[in-house]
Amino acid sequence: SGFERLAEFAGSSTEGEAFQALGTLRFVFQNNLSDAAESLQRAVGIISDSEQAWETLCIVLQRKKDNFELAAVCEARALVRPTVRNRVLLAKAHERLGNSTRALEEIVNAIALDANDFYANVGLASMLLKLGDEDVSPRARQSLNAAEKAIRAGGSGSQYIDLALAQAIYH
């Protein structure tokens, strides 16, 4: 088939892009999550700077409900590009595994990169509120305030909803 013809690019200068395209097509058109993940993993191994390949791989692994592999991929992604977003995604992956200590550590790492990031602050507040400890309440409020300040500077509708939900849990 036409999908398999993309594999003919193995060893060429466009091998990574071919595997990215193959993985994306397998995901979108065939809903073949296993083969899509395999192709996308090969792609990020070759073109580790492709955010689209990483993003698609994470989506495929989420849909596949392969939380262990998702955590490993998010870990690798955060090592390649230690951005706030990648740390938040790594925290969420660890949260899915039930590893709240590591999830909290990663969200704190995200906050350290940008104390004003909306998603990092909402993520931290949400994790702290899930812990249910009275001692974390002031820190959760501080994170919610920082998130609110971030969206005032140009937030989207979905961010307002996320913030409202987190604030409703807090109050």
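Me: Is the crossing of helix 7 and helix 8 left-handed or right-handed?
Reply: In this predicted model, local features need pLDDT of at least 70 and side-chain atom pairs count only at pLDDT 80 or more, whereas totals for chains, interfaces and linings use all residues. Residues are numbered from 1 along each chain as its sequence is written, and side-chain values use heavy atoms, with hydrogens and water left out. A crossing is called left-handed if the near helix is turned anticlockwise from the far one by less than a right angle, and right-handed if clockwise. For helix 7 and helix 8 (DSSP runs of H or I, at least four residues, numbered from the N terminus), the crossing is left-handed.

Me: How many nonpolar, polar and charged residues make up the contact of helix 7 with helix 8?
Reply: Contact (heavy atoms within 4.5 Å) involves, among others, Ile 107 and Ile 111 of helix 7 and Leu 124 and Met 127 of helix 8. With Ala, Val, Leu, Ile, Met, Phe, Trp, Tyr, Cys and Pro counted as nonpolar, Asp, Glu, Lys and Arg as charged, and the others, Gly among them, as polar, the residues of this contact divide into eleven nonpolar, two polar and no charged.

Me: How are helix 5 and helix 6 oriented to each other?
Reply: Helix 5 (residues 67-80) and helix 6 (residues 84-96) pack at about 155°, their axes being 9 Å apart, where axes are lines fitted to C-alpha atoms over the stretch in contact and angles run from 0 to 180 degrees between N-to-C directions. Angles over 145 degrees count as roughly antiparallel, under 35 as roughly parallel, 65 to 115 as roughly perpendicular and the rest as oblique. Helix 5 and helix 6 are therefore roughly antiparallel.

Conventions
Helix = DSSP H or I, 4+ residues; strand = E, 2+ residues; numbered from the N terminus.
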